[in-house]
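These are my notebook entries on a structure that was new to me. I set down what I looked up, entry by entry.

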Amino acid sequence: MGTVEDTGRAVAATLEQAIRQKTAKLGVIGLGYVGLPLIRAFVRAGYSTMGFDVDQAKVDRLLAGESYIEHIPSSWIAECTEGGKFEPTADMRRLSESDALLICVPTPLSDSRDPDLQYVEATARLIAEVLRPGQLVVLESTTYPGTTRDVLLPILSAGGMKAGDDFFLAYSPEREDPGNPDFSADRIPKVVGGVDAESCHLAHLLYSQAVVSVVPVSSCEVAEACKILENTYRSVNIAMVNELKMLCDRLGIDVWEVIDAAKTKPFGFQAFYPGPGLGGHCIPIDPFYLSWVARKHGLATRFIELAGEINTGMPEYVVRKVMDALNEAGKPLKGSKVCLLGVAYKKDVDDPRESPSFVLMELLEAGGAILSYNDPHVGRLPEMRHHRVADMTSTDLTAEFLASQDCVLIATDHSAYDCDFIVRHAPLVVDTRNATRNVTEGREKIRKA
């Protein structure tokens, strides 16, 4: 009579064989900026995939062959859905059909800046309802060290199945960089950590079929901390140059010229750039996950908290610079027409998550400005979880429109912006991204912020 250990090895061997032969069906939960590129990587690797999302409208668009993410072509969606390589669904009862389930759901912060794991926990409960022997579950959503083992594992084990024997559980942080053509999902190394050795092995094997390289680590906690470190590193360094920007402004020095000079050093320096605040799902949020878990263990993360304080204060600094520029022209903010350029959080993408542009709009509107915006990648302002935004569409940047504004505020430096044209026709330009650095005509109209 076989032991439980023998049964576990047999279950793992069956899944391993299916992964190697590419007969395993891959399921991705959360069809957003992380989930869809991940599906694309596994389809390219030869796997059949299922995509799960609670938003039926998203599923319907995908079934119609329509992409809602700019860098994922609709033609590819149509080809994969019609060919049976990608099946989107909102029916969570079908989670049992996938041999591997990758969780790519949001992990926002609460209003008190504590981790909000409601989407992760709800997804885990949905999986637990239909979990069957031989399934691999991998969390990709960014979170604090301990989430996979302390939050997911108890939910998935509640039905009596054991991780490492009946099912397998791992963590592999997403590293998606939306709009970066040099680093699509399949070209970014994946870090993988499991709750046990077998889970790590199977997750390592799965990802190695679809991405350029896989880096196994000793535990899911190490993998979780790895992601937090990556983005805290960026947050702290961006805060440093944001603070330096304010000092350089007081000293009458161009901080961008300082950075360009410093980055000529071939060692010991990496260039980070200031801006109107942090955006994207990761950098504005992840460091606070680390601060939260540190407080639980009686430690203070002063460096991280200070960086967060500086970065979250940048929109207010920018609005003060707008007010100063308008004052120079003899105009108050109240009643002035201000057009904000760019609501995506970074250049040349359609991703508005945590974009500082929404904070800028709230502050400007509170000050009485008459707002408009332009973004070639975001045609209508989306509903935002933490911001009240007007139902507004992108305004065309005609010469007449620019001339009618009191101030044009560059918040995102999209490549599509013709800064020479903008400066030529706008009476005043406040630039938070150094987008106007090569403009020669009309520089007296430009103010850096």
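**Entry 1: cysteines.** I began with C407, which is buried, with a relative accessible area of 0%. The model is a predicted one, and I kept that in mind throughout. I then asked how far the sulfur of C407 is from the closest cysteine sulfur. That sulfur belongs to C339 and lies 9.4 Å away, too far for a bond. A disulfide is a covalent bond between the sulfur atoms of two cysteines. The cut-off I applied for such a pair is 2.5 Å between the sulfur atoms. By this rule I count 0 disulfides. I also looked up C226, which counts as buried at 19% relative accessibility, because the limit for buried is under 20%.

**Entry 2: strand β9.** C339 led me to its partner across the sheet, and I found it opposite S372 in β10. Strand β9 covers residues 337-341 and is mostly covered, with 4 of its 5 residues buried. I noted that β9 pairs with strand β10 (residues 370-374) in the parallel sense, over 5 bridges. From β9 the chain passes through helix α13 (residues 356-366) to β10, and I recorded this β-α-β crossover as right-handed. K337 has I370 in β10 as its bridge partner. With strand β11 (residues 407-410), β9 also pairs in the parallel sense, here over 4 bridges. In that pairing I found L341 matched with I410 of β11.

**Entry 3: the sheet around β9.** In what order do the 5 strands of this open sheet stand? I read the order as β10-β9-β11-β12-β13, with parallel pairing. β10 and β13 (446-448) are at the edges; each has a single partner strand, so one side of each is left without a neighbour in the sheet. From one strand to the next, the twist averages 25°. I then looked for a helix against this sheet and found α12 (residues 314-328), which packs on it and touches β11, β12 (429-431) and β13. The direction of α12 makes about 155° with that of β11.

**Entry 4: the 8-stranded sheet.** I next listed an open sheet of 8 strands, ordered β3-β2-β1-β4-β5-β6-β7-β8, in which the pairing is mixed. Why is one side of β3 and of β8 left without a neighbour in the sheet? β3 (86-89) and β8 (214-216) stand at the edges, and each therefore has a single partner strand. Neighbouring strands here are turned by 25° against each other on average, direction ignored. I checked one pairing within it: strand β1 (residues 26-29) and strand β2 (residues 49-52) are parallel over 4 bridges. V28 has G51 in β2 as its bridge partner. Helix α2 (residues 35-44) lies across β1, β2, β3 and β4 (100-103), and I noted that it runs at about 175° to β2.

**Entry 5: two further helices.** I looked up A18 and placed it in helix α1 (residues 4-21). A18 counts as buried, at 15% relative accessibility. Apart from neighbours within four places in sequence, A18 is in contact with T23 and A24. Its C-alpha atom is 9.8 Å from that of L206, 188 residues apart along the chain. I closed with helix α8 (residues 220-251), which has 32 residues. From its first C-alpha to its last, α8 reaches 47 Å, close to the 46 Å expected at 1.5 Å a residue. After α8 comes G252, and I noted its positive phi, near 75°.

How values were computed: Residues are numbered from 1 along each chain as its sequence is written. This is a predicted model: local features need pLDDT of at least 70, side-chain atom pairs count only at pLDDT 80 or more; totals for chains, interfaces and linings use all residues. Side-chain values use heavy atoms; hydrogens and water are left out. Buried means under 20% relative accessible area, exposed over 50%, partly exposed in between (1.4 Å probe, protein chains only). Helices (H or I, at least four residues) and strands (E, at least two) are DSSP runs, numbered from the N terminus. Two strands pair if DSSP finds at least two bridges between them. A crossover is right-handed if, with the strands pointing away from the viewer, the path from the first strand over the helix to the second runs clockwise. Axes are lines fitted to C-alpha atoms, for helices over the stretch in contact, and angles run from 0 to 180 degrees between N-to-C directions. Contact means heavy atoms within 4.5 Å. The expected span of a helix is 1.5 Å times one less than its number of residues.
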